[in-house]
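Q: Could you walk me through a structure, one feature at a time? I would like to learn how to read what is shown.

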Amino acid sequence: MGSVCNTCKSLQKNLASDTQDIESDSVLWVNTNLPSLRRSRNGGCRACVLLLQGILLHHDRFAGIAEKSIGIKAESFISSRVTPEKSTQDHLSVEVRWQDVDDCGDGEAGEHDHQEGYPDLKLEFFTDQDDQTPFSAIGRGRHISENLLQDAGLSTARAMIKDCLSQHTSCRHQTPTTLPKRVLDVLLDDGAKGVRLHEAYFDKNEGRYEFGEYLTLSHCWGSARGIPKTTTKTLEAYKNNVPWSTLPPTFQEAVALTRSLGFRWLWIDSLCIVQDDGAEKRDESARMDQIFANSFLTIAATSSAESSDGLFLPKSQQFKIQATDSKGSLYKIYVREQPSHYSFKTPFDAGAHVNDWELPFNASIEANIYTPLLKRAWAYVERLLSPRVLHFTKSEMILECREGFQCECGRINDSRYDSRATDSVKQEFAKITAHNHGNSAITNGSSNDRRIDSMASEFAATSLADVAQNLTQKREEALQLWSYIITEYTARDLTYDIDRLSAVVGVAKMLAETLKSGYIAGHWTFNTLGLLWYPKDGDRSRRPKATSNENLPSWSWASLEGSPVFFDNLTAMDLACTASFSLERGRTMAWSPTSGDALELTAAMAAEVILQVDSANEYSLVKNGISVEFHPDVSPLRGEDSTLAGETLVCVLVSMTFRSSIIGLVLKQSKTNTQLYRRVGRFECYECSKEGSDDEPEDAEALFEYWFPEIEDMGAIDDGPQRSFIVV
C-alpha cells in the first residue's frame with residue numbers, strides 16, 4: 001500500500017477514523033486552501049489530482065481571486081446513521097469559499113477554519129449507479145433529468161407527486177374540484193398539436209362550474225411580447241383553436257407536460273381571462289384563491305424571465321473525469337455544481353422560531369437572477385394558494401407542497417447537507433387554512449362589497465385591550481403569518497400599481513374564517529396595531545399612481561410602493577388608541593378588499609409637533625424642546641406627503657413595545673379640509689433628546705412627561721379626555 005495523503009486521507013473510508021467526529025453524520029476529508037491542494041497534487045496524490053481537476057473545471061467562478069484566499073473543504077456522509085426519513089447520499093461534497101475568507105496562509109490540512117454559512121461554490125463528485133471507483137469516499141450520485149418530457153424526467157415528477165398525495169392529507173382535495181370559468185383543452189380529438197379554449201358549463205342550480213381536474217401555469221410575463229392573449233375579438237376564434245405556432249415555448253412545454261401527466265385541462269392567465277375586459281379581470285382576480293387552490297398542480301416556470309425562454313432550461317454542465325487507480329485502470333467520475341436551493345432557503349438555520357424569522361427570505365441578487373419568477377408578487381400568491389407547485393429551475397425540479405419540499409437531488413429538506421431552513425410560509429399558511437383547502441372562506445361573487453356575516457356583532461370597533469382579550473392562539477398565529485406574507489409580498493415586483501391589493505385578495509379570503517374580522521384595503525379591522533406598518537426603506541418608497549376606480553387610503557400599507565413593509569403585532573402596553581371604520585357602522589364586518597374609506601382614530605395621547613429637518617432625508621419631531629427621530633413613509637417628503645421644516649404634524653401614540661419603545665402614527669392635516677388627516681409615517685421612540693443640550697438622551701418613557709405633562713396617571717388614560725382624527 002502506498003503512503004497516505006495528509007491532505008485528503010487518499011479519500012479511503014478505512015482511513016477515516018482520524019477525521020471523523022463520533023457524533024457527526026459526516027466525515028471531513030479535506031480542510032485546506034487551493035495552494036495546499038496543488039502541492040499535494042504535485043506530490044503524487046491521485047485523489048488530490050481528482051479534486052483539483054474538478055474544482056478547476058469551475059475556475060470561472062473564482063477568476064481573479066487570490067488562490068491563498070480560496071478555502072477547500074470536502075466531506076462525505078455516513079450511510080449507517082441515516083434514518084428512515086432520510087435517504088443516503090454517497091457523493092463526495094466539496095465546498096469552495098472565497099468571499100470574506102481570512103487569509104489561510106500556507107498551512108497543512110486541518111489548520112483552517114473557514115467561515116460558516118453557505119459556500120460560494122458547492123460541488124459533488126459521484127459515480128453512476130453501478131460504477132466502481134478507486135476512492136471509497138466517492139459513491140453513487142442522484143440522477144437529475146435533462147428534460148422532463150423524457151421517461152426518466154416524467155418518472156421523477158410522477159414519483160414526487162405520488163409521494164405527496166400518499167403522504168400528505170392536507171395536499172389532497174377533500175371534495176371534487178370544479179373547473180375555472182375557462183380552461184385550455186390540450187387533448188383535441190383531431191390529434192392536432194394545437195389547443196382550444198373551453199368555457200366551463202355553469203350549473204345555476206348548484207352555483208358552480210362543471211367538475212374537472214386541471215393544471216395551472218405560473219410564469220413571468222416579462223416584456224409580454226409574443227404572449228397570445230384572449231380578447232373580445234379573439235375569444236370566439238380561440239374556442240375553436242389556438243394555433244400552436246402562436247404559443248411561446250413556455251406555453252408549448254406546459255401543454256406538453258399536461259398531456260404527458262395525463263390531464264386534459266390547463267389554465268393560463270393570458271388565454272383564460274379576456275384581457276381587454278376590465279370587469280372580468282377584476283372578477284377573475286378575486287377568484288384566484290379558487291383557481292389555484294382547486295388546481296391539481298401548478299407548473300412554475302421558475303427560472304424563466306420571459307415566456308420565450310421555455311419551461312425546461314438547460315441544466316448546469318456536468319463534467320466527466322477519468323481517474324486511475326494504483327494499477328492504472330480507468331474509472332469515470334462525474335462532477336457537477338450542487339443545486340443550491342438558494343431561492344427556497346432562508347438566511348437562518350432550521351428550527352428558528354417563527355418570531356425569529358428574518359424577512360424577507362430570498363432577497364439576494366443571485367436568487368433573483370436564477371429564479372426570476374419568485375421575485376414576482378402575483379407568482380408568490382399563486383405559490384401560497386396552490387396545493388402543490390412543480391418548479392422548473394436551471395438546476396433541477398423542485399416540488400413544493402403544503403407539507404414541505406421534494407427535489408431531484410434529495411437534499412432540500414435535509415439539514416445534514418444545508419443547515420439553512422427552507423421557506424416554510426406556504427406550509428404555515430396551509431396549517432392555518434386547513435379547514436378550507438379547496439374552498440374559500442368567502443364564496444366568490446361579482447361584487448367587491450360582499451360582507452362576511454359571522455361574529456359581526458363582536459368586532460365592530462375594538463380597542464387594543466379587546467384584541468388582547470379575544471384573540472385565540474390560532475387567530476394570533478394567523479395575524480402574524482399575514483404580516484409575514486405581506487412583508488414577503490411587498491418585497492416582490494408588480495407591473496401595475498392597481499394590482500397591489502387585488503393580487504392578495506385570495507390570501508385574505510383563505511384567512512378570513514380564522515381571523516373573523518372585517519377586511520378593508522388590506523387591513524383587518526379588529527387589529528389597530530396593524531395600522532403601525534412601516535417600510536424597510538423610506539428612501540425607496542413612493543406612493544402608487546392614483547386610479548379612478550379605487551380609493552387607496554394613506555393608512556393602508558398598500559398606499560406605498562418600492563419597499564418591503566413590516567408590522568408590529570405585539571404590544572407591551574396599550575396607550576388607549578382605537579380605530580373604527582365608516583364601512584362598519586351598524587356593527588357589520590366589512591369586506592372591501594381593494595379599496596378603502598376614512599377611518600376614525602381615537603386616542604388619549606395625541607400631540608401637535610414641529611417637523612425638523614436635521615439633514616438630507618433625516619427628520620425629527622419636536623415639542624416642548626424634546627425631539628425624537630422620525631422616519632417618514634416616503635423620504636424625502638414629497639407629493640401629498642410634502643411637508644416643510646417648521647410645519648406642524650400630529651403624533652398619535654398607540655402602543656409601548658417589548659423593546660421598551662413607544663410607537664405611533666404621524667398625521668398631516670389636510671389644507672383643503674381641516675377635518676381630515678393623512679398618514680405620513682410611523683414613528684418609534686427609543687430615546688428622546690433635549691434640543692441644544694449635550695445631556696445623554698433619556699429613555700422613551702420620558703416622552704410621556706415632556707410631551708404630555710397634563711397626564712398625571714398613565715393607568716387612567718382610558719378614562720381621560722380623548723381626541724379623534726379622520727384619516728383618509
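Q: Which element gives the most to the lining of the second largest cavity?
A: With three residues, α13 is the element that gives the most to that lining. Keep in mind as we go that this is a predicted model. Both α13 (473-490) and β20 (523-524) supply at least two lining residues each.

Q: How many cavities are there, and how much space lies in the second largest?
A: Nine cavities of 30 Å³ or more are found in the structure. The second largest holds about 60 Å³ of space.

Q: What is the chemical make-up of its lining, in nonpolar, polar and charged residues?
A: Five lining residues are nonpolar, six are polar and no charged residue takes part. Among them are Leu479, Trp482, Ser483, His523, Trp524 and Phe567.

Q: Where does β20 sit in its sheet?
A: Start with the strand order: the sheet is open and mixed, and its three strands run β20-β19-β25. β20 and β25 (591-592) are the edge strands, each with a single partner, so one side of each has no neighbour in the sheet. β19 and β20 are antiparallel to each other, paired over two bridges. His523 of β20 is the bridge partner of Ile520, and His523 also helps line the second largest cavity.

Q: What about Lys516: where does it lie, and is it buried or partly exposed?
A: Lys516 belongs to the loop between α15 (505-515) and β19 (519-520). Its relative accessibility is 29%, so Lys516 counts as partly exposed. Along the chain, Lys516 and Met589 are 73 residues apart, yet 8.7 Å separates their C-alpha atoms.

Terms used. Residues are numbered from 1 along each chain as its sequence is written. This is a predicted model: local features need pLDDT of at least 70, side-chain atom pairs count only at pLDDT 80 or more; totals for chains, interfaces and linings use all residues. Side-chain values use heavy atoms; hydrogens and water are left out. Helices (H or I, at least four residues) and strands (E, at least two) are DSSP runs, numbered from the N terminus. Buried means under 20% relative accessible area, exposed over 50%, partly exposed in between (1.4 Å probe, protein chains only). On a 1 Å grid over the protein atoms alone, a cavity is a set of points where a 1.4 Å probe fits but cannot get out, and a pocket is an open set with protein on both sides within 12 Å along at least five of seven lines; lining residues have an atom within 4 Å of a point. Grid points are joined across faces, edges and corners, and a volume is the space filled by probe spheres set on the points. Ala, Val, Leu, Ile, Met, Phe, Trp, Tyr, Cys and Pro count as nonpolar, Asp, Glu, Lys and Arg as charged, and the others, Gly among them, as polar. Two strands pair if DSSP finds at least two bridges between them.
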